[in-house]
Amino acid sequence: VQLQASGGGLVQPGGSLRLSCAASGSILVIKAMGWYRQAPGKQRELVATITSGGSTNYADSVKGRFTISRDNAKNTVYLQMSSLKPEDTAVYYCNGFIVPLFRAAGMDYWGEGTLVTVSS
(Lines give C-alpha, C1' and ligand atoms only; values in the text may rest on other atoms or scores of the structure.)
Protein backbone atom coordinates (compact mmCIF):
# COMPACT_ATOMS: atom_id res chain seq x y z
CA VAL A 1 0.00 0.00 0.00
CA GLN A 2 1.33 3.40 -0.95
CA LEU A 3 0.09 6.95 -0.44
CA GLN A 4 1.18 9.58 -2.92
CA ALA A 5 0.61 13.21 -2.02
CA SER A 6 0.83 16.19 -4.32
CA GLY A 7 -0.13 19.82 -4.57
CA GLY A 8 2.22 21.61 -2.21
CA GLY A 9 4.02 24.79 -3.11
CA LEU A 10 4.51 28.44 -2.38
CA VAL A 11 1.47 30.65 -1.90
CA GLN A 12 0.94 34.18 -0.65
CA PRO A 13 -0.93 34.87 2.59
CA GLY A 14 -4.65 34.80 1.94
CA GLY A 15 -4.21 32.47 -0.99
CA SER A 16 -5.49 28.96 -1.64
CA LEU A 17 -3.98 25.59 -2.38
CA ARG A 18 -5.34 22.10 -2.84
CA LEU A 19 -3.52 18.98 -1.75
CA SER A 20 -4.31 15.53 -3.10
CA CYS A 21 -3.36 12.09 -1.85
CA ALA A 22 -4.03 8.86 -3.69
CA ALA A 23 -3.81 5.44 -2.09
CA SER A 24 -2.80 2.50 -4.22
CA GLY A 25 -1.78 -1.12 -3.85
CA SER A 26 -3.41 -4.16 -2.30
CA ILE A 27 -6.24 -2.41 -0.51
CA LEU A 28 -9.27 -4.15 0.92
CA VAL A 29 -10.88 -1.11 2.49
CA ILE A 30 -9.89 2.40 3.53
CA LYS A 31 -11.38 3.19 6.93
CA ALA A 32 -10.25 6.79 7.19
CA MET A 33 -7.88 9.26 5.60
CA GLY A 34 -6.44 12.49 6.79
CA TRP A 35 -3.81 15.15 6.74
CA TYR A 36 -1.22 16.01 9.34
CA ARG A 37 1.45 18.68 9.26
CA GLN A 38 4.79 19.37 10.85
CA ALA A 39 6.26 22.84 11.02
CA PRO A 40 9.98 23.39 11.60
CA GLY A 41 10.87 22.70 15.21
CA LYS A 42 7.38 21.47 16.07
CA GLN A 43 5.69 18.13 16.50
CA ARG A 44 3.46 16.64 13.84
CA GLU A 45 -0.15 17.66 14.38
CA LEU A 46 -3.52 16.65 13.04
CA VAL A 47 -5.03 18.94 10.41
CA ALA A 48 -8.15 17.08 9.29
CA THR A 49 -9.55 13.59 8.94
CA ILE A 50 -12.44 12.02 7.08
CA THR A 51 -14.01 8.60 7.52
CA SER A 52 -15.29 6.31 4.80
CA GLY A 53 -18.76 7.56 5.64
CA GLY A 54 -17.77 11.17 5.21
CA SER A 55 -17.53 12.29 8.83
CA THR A 56 -14.92 14.98 9.22
CA ASN A 57 -12.76 16.33 12.00
CA TYR A 58 -10.64 19.48 11.93
CA ALA A 59 -8.01 21.10 14.08
CA ASP A 60 -9.35 24.29 15.62
CA SER A 61 -6.65 26.29 13.85
CA VAL A 62 -7.98 25.40 10.40
CA LYS A 63 -11.73 25.24 10.96
CA GLY A 64 -13.56 27.43 8.48
CA ARG A 65 -10.51 27.71 6.23
CA PHE A 66 -9.68 24.12 5.23
CA THR A 67 -12.01 21.50 3.78
CA ILE A 68 -11.23 17.81 3.58
CA SER A 69 -13.02 15.58 1.09
CA ARG A 70 -12.53 12.20 -0.48
CA ASP A 71 -13.35 10.29 -3.63
CA ASN A 72 -13.86 6.70 -2.53
CA ALA A 73 -13.88 5.41 -6.10
CA LYS A 74 -10.41 6.87 -6.62
CA ASN A 75 -9.08 6.13 -3.12
CA THR A 76 -8.13 9.78 -2.99
CA VAL A 77 -8.39 12.41 -0.30
CA TYR A 78 -8.19 16.16 -0.86
CA LEU A 79 -7.43 19.11 1.34
CA GLN A 80 -8.69 22.45 0.07
CA MET A 81 -6.86 25.19 1.94
CA SER A 82 -8.07 28.78 1.80
CA SER A 83 -7.19 32.01 3.59
CA LEU A 84 -3.74 30.61 4.16
CA LYS A 85 -1.57 32.15 6.85
CA PRO A 86 2.21 32.08 7.33
CA GLU A 87 1.66 29.81 10.33
CA ASP A 88 0.20 27.20 7.99
CA THR A 89 3.69 26.72 6.58
CA ALA A 90 4.66 23.11 7.16
CA VAL A 91 5.26 19.76 5.56
CA TYR A 92 1.87 18.16 5.09
CA TYR A 93 1.57 14.40 5.39
CA CYS A 94 -1.21 12.22 4.11
CA ASN A 95 -2.41 9.41 6.36
CA GLY A 96 -4.67 6.47 5.75
CA PHE A 97 -6.03 3.82 8.11
CA ILE A 98 -6.25 0.98 5.64
CA VAL A 99 -7.07 -2.70 5.74
CA PRO A 100 -4.77 -4.37 3.22
CA LEU A 101 -5.75 -7.47 1.30
CA PHE A 102 -5.11 -10.71 3.20
CA ARG A 103 -5.00 -8.95 6.57
CA ALA A 104 -7.63 -8.92 9.28
CA ALA A 105 -6.90 -5.53 10.77
CA GLY A 106 -6.21 -2.03 9.56
CA MET A 107 -2.88 -0.26 9.71
CA ASP A 108 -1.70 3.31 9.53
CA TYR A 109 0.03 4.26 6.31
CA TRP A 110 1.82 7.53 5.61
CA GLY A 111 2.71 9.29 2.42
CA GLU A 112 5.80 11.32 1.85
CA GLY A 113 5.24 14.89 2.89
CA THR A 114 4.54 17.79 0.61
CA LEU A 115 5.82 21.22 1.56
CA VAL A 116 3.42 24.14 1.83
CA THR A 117 5.02 27.55 2.22
CA VAL A 118 2.88 30.60 2.90
CA SER A 119 4.91 33.72 2.39
CA SER A 120 4.83 37.04 0.60
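Along strand 7 (residues 66–71), the side chains alternate between two faces. Phe66, Ile68 and Arg70 point to one face and are buried; buried means under 20% relative accessible area, exposed means over 50%, and partly exposed lies in between (1.4 Å probe, protein chains only). Thr67, Ser69 and Asp71 point to the other face and are not buried. In a regular strand, side chains alternate between the two faces of the sheet. Strands here are DSSP runs of E with at least two residues, numbered from the N terminus.

This is a predicted model: local features need pLDDT of at least 70, side-chain atom pairs count only at pLDDT 80 or more, and totals for chains, interfaces and linings use all residues. Residues are numbered from 1 along each chain as its sequence is written, and side-chain values use heavy atoms, with hydrogens and water left out.

**Strand 7 and strand 8**

- Strand 7 and strand 8 run antiparallel and are joined by 6 bridges. Two strands pair if DSSP finds at least two bridges between them.
- Phe66 of strand 7 stands opposite Met81 in strand 8.
- The hairpin of these strands has 4 residues between them. Asn75 takes a positive phi there, near 50°.

**Thr76**

- Thr76 lies in strand 8 (residues 76–81).
- Thr76 counts as buried because its relative accessibility is 9%.
- The Thr76 side chain reaches the backbone oxygen of Lys74 at 2.9 Å. That is a polar contact: a pair of N or O atoms within 3.5 Å; within protein, one must be able to donate a hydrogen and the other to accept it, and residues adjacent in sequence count only if both atoms are side-chain atoms.
- Not counting residues up to four places away in sequence, Thr76 touches Cys21, Ala22, Met33, Ser69, Arg70 and Asp71. Contact means heavy atoms within 4.5 Å.

**The disulfide**

- The whole structure holds 1 disulfide, defined as a pair of cysteine sulfur atoms within 2.5 Å.
- Cys21 and Cys94 form the link, with an S to S distance of 2.0 Å.
- The pair links distant parts of the chain, 73 residues apart. Cys21 sits in strand 3 (residues 17–24), and Cys94 in strand 9 (residues 90–100).
- The link is left-handed, with -85° about the S-S bond.
- Cys21 and Cys94 are both buried.

**The nonpolar core**

- The largest nonpolar core has 31 residues. Such a core is a set of buried Ala, Val, Leu, Ile, Met, Phe, Trp, Tyr and Cys residues joined through side-chain atoms within 4.5 Å.
- Trp35, Leu79, Met81 and Tyr92 have the most contacts inside this core.
- Many strands feed this core with at least two residues each: strand 1 (2–6), strand 3, strand 4 (27–38), strand 5 (45–51), strand 7, strand 8, strand 9 and strand 11 (114–118).
- Leaving aside neighbours within four places in sequence, Met81 is in contact with Gly15, Ser16, Leu17, Leu19, Arg65, Phe66, Tyr92 and Val116.

**Salt bridges**

- The structure holds 4 salt bridges. A salt bridge is a side-chain nitrogen of Lys or Arg within 4 Å of a carboxyl oxygen of Asp or Glu.
- Lys63 and Asp60 meet in one of them, at 3.1 Å from N to O. Lys63 and Asp60 are both exposed.
- Arg37, Glu45, Arg65 and Asp88 are linked in a network of salt bridges.
- Asp88 bridges to Arg37, with the closest N and O atoms 3.0 Å apart. Asp88 lies in the loop between strand 8 and strand 9 and Arg37 in strand 4, so this pair ties together parts 51 residues apart in sequence.
- Arg65 also bridges to Asp88, with the closest N and O atoms 2.7 Å apart. Arg65 lies in the loop between strand 6 (56–58) and strand 7, and Asp88 in the loop between strand 8 and strand 9, so this pair ties together parts 23 residues apart in sequence.

**Asp88 and its surroundings**

- Asp88 counts as buried because its relative accessibility is 0%.
- Its partner Arg37 is buried. Arg65 is buried too, with a relative accessible area of 11%.
- The Asp88 side chain reaches the backbone nitrogen of Lys85 at 2.8 Å.
- Leaving aside neighbours within four places in sequence, Asp88 is in contact with Arg37, Arg65, Phe66, Ser83, Val116 and Val118.
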